[in-house]
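Please walk through this protein chain with the sequence and the model side by side.

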Amino acid sequence: MSRIIEIDLDDANLPPPTPEVEQERKVALFDLMEQNSFALPARDGAQVPPGPYRLTLCIRDKRLVFDLSTEDHQKAAEFHLSLSPFRQVVKDYFHICKSYFDAVKKLPASQIETIDMARRGIHNEGARILQERLDGKAELDNDTARRLFTLICVLHFGA
């Protein structure tokens with residue numbers, strides 16, 4: 001099975017998130033557990049442990065770490081990604097999310113929809129960057145990349 005069955009977001013050393021960030025986290029985790037597509041491709045002719053996978057996602061030494069194990073807790077893979085390619089899109093995403101949350105409180109639906117479209121566009125860009133950074137390391141669909149990008153933003157918020 002090419003999927004993630006458990007996600008541990010290692011945010012123990014980060015400040016508590018805002019209620020909005022916590023809500024984004026909960027929704028992303030719920031949606032990921034409902035449906036995702038995640039596989040480890042064969043690399044250098046080495047045997048790849050089959051899924052499903054357990055994922056621990058954290059920021060360690062200013063790097064994004066994907067630590068994967070099999071369903072029976074055997075080490076499957078570990079990727080360390082630079083946060084640099086994500087910095088601007090995460091910043092833009094937080095800015096547009098703040099605008100969106102503020103708009104929901106006081107603006108008409110048409111303006112909220114415009115901001116939400118921009119938010120989705122930035123979110124798609126973050127997912128695209130994640131897929132590029134994981135190229136050759138992991139195969140994931142766009143929806144899975146979007147939800148994982150949300151979790152990266154949650155971790156980035158406190159980092």
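What follows goes from the whole chain down to single residues.

This is a predicted model. The protein chain contains four helices and six strands. Their order along the sequence is β-α-β-β-β-β-α-α-β-α. Keep that pattern in mind, as the element names below refer to it.

Start with the overall dimensions. The C-alpha trace spans about 55 × 30 × 25 Å along its principal axes. The radius of gyration of the protein chain is 16 Å, which agrees with the value near 15 Å for a compact globule of 159 residues.

How much of the chain is buried? Buried residues account for 42% of the 159 residues. Now consider the contacts between residues with a separation of 6 or more. Of these, 61% join residues 24 or more positions apart.

Turn to the surface. The protein chain exposes about 8800 Å². Carbon and sulfur atoms supply 49% of that area. As for charge, there are 21 positive and 25 negative side chains. The centres of the two sets lie 5 Å apart.

Next come the aromatic rings. The structure holds four aromatic pairs. One of them joins F38 and Y53 in an edge-to-face arrangement. Their centres are 6.3 Å apart, with 70° between the planes. The pair links distant parts of the chain, with F38 in strand β2 (residues 38-39) and Y53 in strand β3 (residues 53-60). In sequence, F38 and Y53 are 15 residues apart. Both F38 and Y53 are buried.

Another aromatic pair is formed by F66 and F79, and this one is tilted. Here the centres are 6.5 Å apart and the planes stand at 50°. F66 belongs to strand β4 (residues 63-70) and F79 to strand β5 (residues 75-82), so the pair ties together parts that are 13 residues apart in sequence. F66 and F79 are also both buried.

F66 leads on to T56. T56 lies in strand β3. Leaving out residues up to four places away in sequence, T56 touches D8, D10, V65, F66 and D67. L68 is 12 residues from T56 in sequence, and the two C-alpha atoms are 6.5 Å apart. Is T56 buried, exposed or partly exposed? Its relative accessible area is 24%, so T56 is partly exposed. The cut-off for buried is under 20%, and exposed begins over 50%.

Now look at the backbone in the loops. Most residues other than glycine have a negative phi, and most peptide bonds are trans. Three places in this model depart from that pattern.

The peptide bond between G51 and P52 is cis, with omega about 10°. P52 sits in the loop between β2 and β3.

K62 has a positive phi, near 60°, although K62 is not a glycine. Its place is the loop between β3 and β4. With a relative accessible area of 68%, K62 is exposed.

H73 also has a positive phi in a residue other than glycine, here near 70°. H73 is found in the loop between β4 and β5. H73 is exposed, at 55% relative accessible area.

Finally, move to helix α3. The helix covers residues 109-133 and includes I115. Which residues does I115 contact, apart from neighbours within four places in sequence? They are I96, S99, Y100, A103 and L107. I115 has 18% relative accessibility, so I115 counts as buried. H156 is 41 residues from I115 in sequence, and their C-alpha atoms are 22 Å apart.

H123 is found in helix α3 too. Its contacts, with neighbours within four places in sequence set aside, are Y93, R146, F149 and T150. H123 is buried, with a relative accessible area of 8%. Set H123 beside H73 when you inspect the histidines: H123 is buried, whereas H73 is exposed.

Note on methods
Residues numbered from 1 in each chain as written. Predicted model: local features only at pLDDT ≥ 70, side-chain atom pairs only at ≥ 80, totals over all residues. Heavy atoms only, no water. Helix = DSSP H or I, 4+ residues; strand = E, 2+ residues; numbered from the N terminus. Rg over C-alpha atoms; globule rule 2.2 N^0.38 Å. Buried < 20%, exposed > 50% of the residue type's maximum accessible area, 1.4 Å probe, protein only. Contact = heavy atoms within 4.5 Å. Areas by Shrake-Rupley, 256 points an atom, 1.4 Å probe, with all protein chains shown as cover. Lys, Arg positive; Asp, Glu negative; His and termini not counted. Charge placed at Lys NZ, Arg CZ, Asp CG, Glu CD. Phe/Tyr/Trp six-rings, centres within 6.5 Å; stacked < 30°, edge-to-face > 60°.
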